[in-house]
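Please open the model in your viewer and keep the selection panel at hand. The tour below proposes what to select at each stop and says what is found there.

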Amino acid sequence: MPTSVSLPALGESVTEGTVTRWLKQVGDTVAVDEPLLEVSTDKVDTEIPSPVAGTLLEIKAAEDETVEVGAELAVIGDAGESTGGDAAPAQEAPAAEAPAEEAPAEEAPAEPEPAPAEEAPAAPVQEAPAEQAPAAEAPAQQSSSGSSGGTSVTLPALGESVTEGTVTRWLKQVGDDVAVDEPLLEVSTDKVDTEIPSPVAGKLLEIKVAEDETVEVGAELAVVGSGDAAPAQEAPKQEPPAEAKQEAPAQEAPAAEAPAAAPAPQAAPAAQAPAAAPAPQQAPPAQAPAAQAPAVQAPAAQAPAAAPAPQAAPAPQAAPAPQQAAAPAASSNGSSSEGPNYVTPLVRKLAAENNVDLGSVQGTGVGGRIRKQDVIAAAEAAKAAPAPAAAPAAAAPAAKAAISPLRGTTEKMSRIRKAIASHMVNSLKVSAQLTTVVEVDVTEIAKLRNAKKDEFFAREGVKLSFLPFFALAAVDALKQYPKLNASINEEAGEVTYHAAEHLGIAVDAEKGLMVPVVHNAGDLNIAGLAKKIADLADRTRNNKVLPDEMAGGTFTITNTGSRGALFDTPILNQPQVGMLGTGAVVKRPVVITHSELGETIAIRQMVYLALTYDHRLVDGADAARYLTAVKARLEEAQFDV
């Protein structure tokens with residue numbers, strides 16, 4: 001019995017989602033929990049898995065379509081079952097239209113006569129009015145609006161608060177062949193930079209929005225043909241003699257039989273890219289290309305119609321033109337340097353910065369998609385190979401080679417970078433922020449970590465870093481000093497001291513700074529915090545984090561020490577009133593008091609902790625008391641690992 005796949009609830013504040021890409025097509029076999037499609041909300045991009053094993057029978061929600069939570073997305077059942085849905089017929093429409101064009105082509109030369117029709121409109125109509133009219137209409141619709149097997153590509157809803165987007169770059173140009181899900185253009189919003197894929201295979205017939213132009217959600221971006229021109233071109237090649245006989249009377253109107261036949265083949269090589277396969281089979285009748293030309297691009301045939309005689313001489317170019325057209329057609333179907341799979345702008349940028357050829361990278365994502373980790377692994381492998389040979393000579397040249405391609409350039413700020421900038425500036429406007437710093441001796445924690453890290457990794461499956469220790473000490477101190485775990489409602493004149501510690505963890509993602517939240521962190525131990533932090537950080541960087549995991553934080557930790565910084569002065573994540581910055585753990589000589597030796601100098605592992613707080617609620621003494629409690633918790637190193 002067929003099973004319906006619906007859009008699940010992705011969070012309390014999420015009411016709808018946009019289908020960004022189908023990973024499976026109608027007729028494909030799917031396994032349980034195998035991803036079917038990708039859905040984008042205002043906070044996260046995620047994959048929707050199949051609830052059962054079977055065959056994808058029907059697609060209910062097209063790409064770029066926004067649907068509410070609970071809406072039906074697809075139907076899965078046994079192979080051969082038919083549900084009579086909407087999406088499957090939509091995909092079959094181009095195939096259904098092709099035979100309709102072939103039928104009149106077999107009886108009368110419906111395809112080759114639009115060109116003479118421009119010169120003498122009465123001639124084609126008098127010969128076969130019933131059959132030629134539909135044949136002439138189909139190409140016109142396809143080239144102007146894409147209604148014959150074509151699709152209008154619109155700017156999808158990329159989030160509840162996103163109302164517009166800016167076209168940053170067109171990846172395809174008018175006339176290019178595109179495959180299903182092949183990226184057409186890049187669009188930037190205030191939350192995300194993303195690619196808009198083609199919903200159908202065919203040709204890019206028209207570009208509606210120029211680069212750097214900003215349009216509202218739902219605006220038409222482009223028109224893509226259905227790609228059904230190739231089947232329509234097969235009909236004329238089956239009966240070339242009939243076409244030759246019927247073209248003569250059609251071209252008697254301009255009173256130039258031989259010259260009129262010559263320009264028709266000329267129009268075909270200029271306008272007919274997909275004719276590579278049929279054209280060589282039609283070598284005997286020279287008029288076969290002419291029959292194919294109007295089927296794809298009737299407007300192109302109108303231009304040379306005014307001067308048919310001068311074009312008779314270059315007629316032999318009909319053979320080379322299809323051969324040249326074959327190369328771009330193959331490239332656009334997946335053999336380009338970008339690889340056959342969907343590649344995000346971030347992955348492409350990372351590959352360019354590391355001089356990685358995407359065509360040589362084996363993707364590990366769904367359907368072989370190339371992910372960020374694949375590019376990083378390829379870059380590391382490339383560096384590792386020449387390292388032994390280059391080691392004797394050039395440590396310095398190796399450092400000079402790592403020059404960013406952004407050096408000396410100017411670019412527009414991405415929408416997400418603008419959003420981060422606005423949020424940070426607004427935070428400084430809203431609250432009075434100060435930063436207090438303490439120095440902590442974490443030598444005992446370092447010893448504990450070194451003794452337990454191998455056992456911990458084998459048991460928990462994640463590495464044991466210093467961050468879980470800092471997080472647990474920070475959370476424990478919040479229970480003693482709730483002023484740092486509060487929020488202010490200035491309009492109501494109220495302060496709320498939160499009953500739970502929801503710990504935000506600042507994550508350095510490629511698209512910008514993100515802060516997923518460990519909810520109820522006060523209930524977790526070292527192992528629980530380590531696993532939760534590692535899981536959230538990984539899913540945030542790979543766009544797998546859920547919307548609810550990005551909201552509700554009451555206090556934040558930012559681990560700037562992971563990049564070697566001693567300390568910084570964090571900016572508060574509104575409406576929170578406290579944020580703890582953890583610096584790098586470094587060894588240095590420190591004066592300590594020994595039980596036997598008294599005051600002495602020893603090599604210790606030290607770290608700076610910087611607390612930024614909102615002075616509207618938290619005073620300097622409150623901040624110092626909180627930091628002292630964190631310091632004492634860390635230096636006593638009494639943790640159950």
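Which residues is Leu634 in contact with, leaving aside its neighbours within four places in sequence? In this predicted model, selecting Leu634 and its surroundings brings up Val440, Ile445, Phe469, Phe470, Ala473, Leu609 and Phe639 as its contacts beyond that sequence window.

Now widen the selection to the largest nonpolar core, which holds 53 residues and in which Leu634, together with Phe555 and Tyr626, touches the most other members. Among the elements that give two or more residues to this core are strand 17 (433–441), helix 18 (443–460), helix 20 (526–541), strand 27 (598–614) and helix 21 (620–636), while helix 19 supplies the largest share, with 10 residues. Next, select Leu10, Trp22, Leu37 and Leu56, which are included in a second, separate core of 18 residues.

For the surface, select Val437, Leu566 and Phe567, a nonpolar patch whose members together have about 250 Å² of accessible area. Phe567 lies in the loop between strand 24 and strand 25 (578–582), and its relative accessible area of 43% makes this residue partly exposed.

The last stop is an open sheet of 4 strands, paired antiparallel in the order 9-16-14-11. Strand 9 (151–154) and strand 11 (177–178) are at its edges, and because each has a single partner strand, one side of each is left without a neighbour in the sheet. To inspect one of these edges, select strand 11 with strand 14 (residues 202–207), to which 2 bridges join it in an antiparallel arrangement, and then find Asp177, which stands opposite Lys203 of strand 14.

Conventions
Residues numbered from 1 in each chain as written. Predicted model: local features only at pLDDT ≥ 70, side-chain atom pairs only at ≥ 80, totals over all residues. Heavy atoms only, no water. Core = buried A, V, L, I, M, F, W, Y, C linked by side-chain atoms within 4.5 Å. Buried < 20%, exposed > 50% of the residue type's maximum accessible area, 1.4 Å probe, protein only. Contact = heavy atoms within 4.5 Å. Pairing = 2+ DSSP bridges. Patch = residues over 30% accessible without salt bridge, like charges linked within 9 Å, V, L, I, M, F, W, Y side chains within 5 Å. Areas by Shrake-Rupley, 256 points an atom, 1.4 Å probe, with all protein chains shown as cover. Salt bridge = Lys/Arg side-chain N within 4 Å of Asp/Glu carboxyl O.
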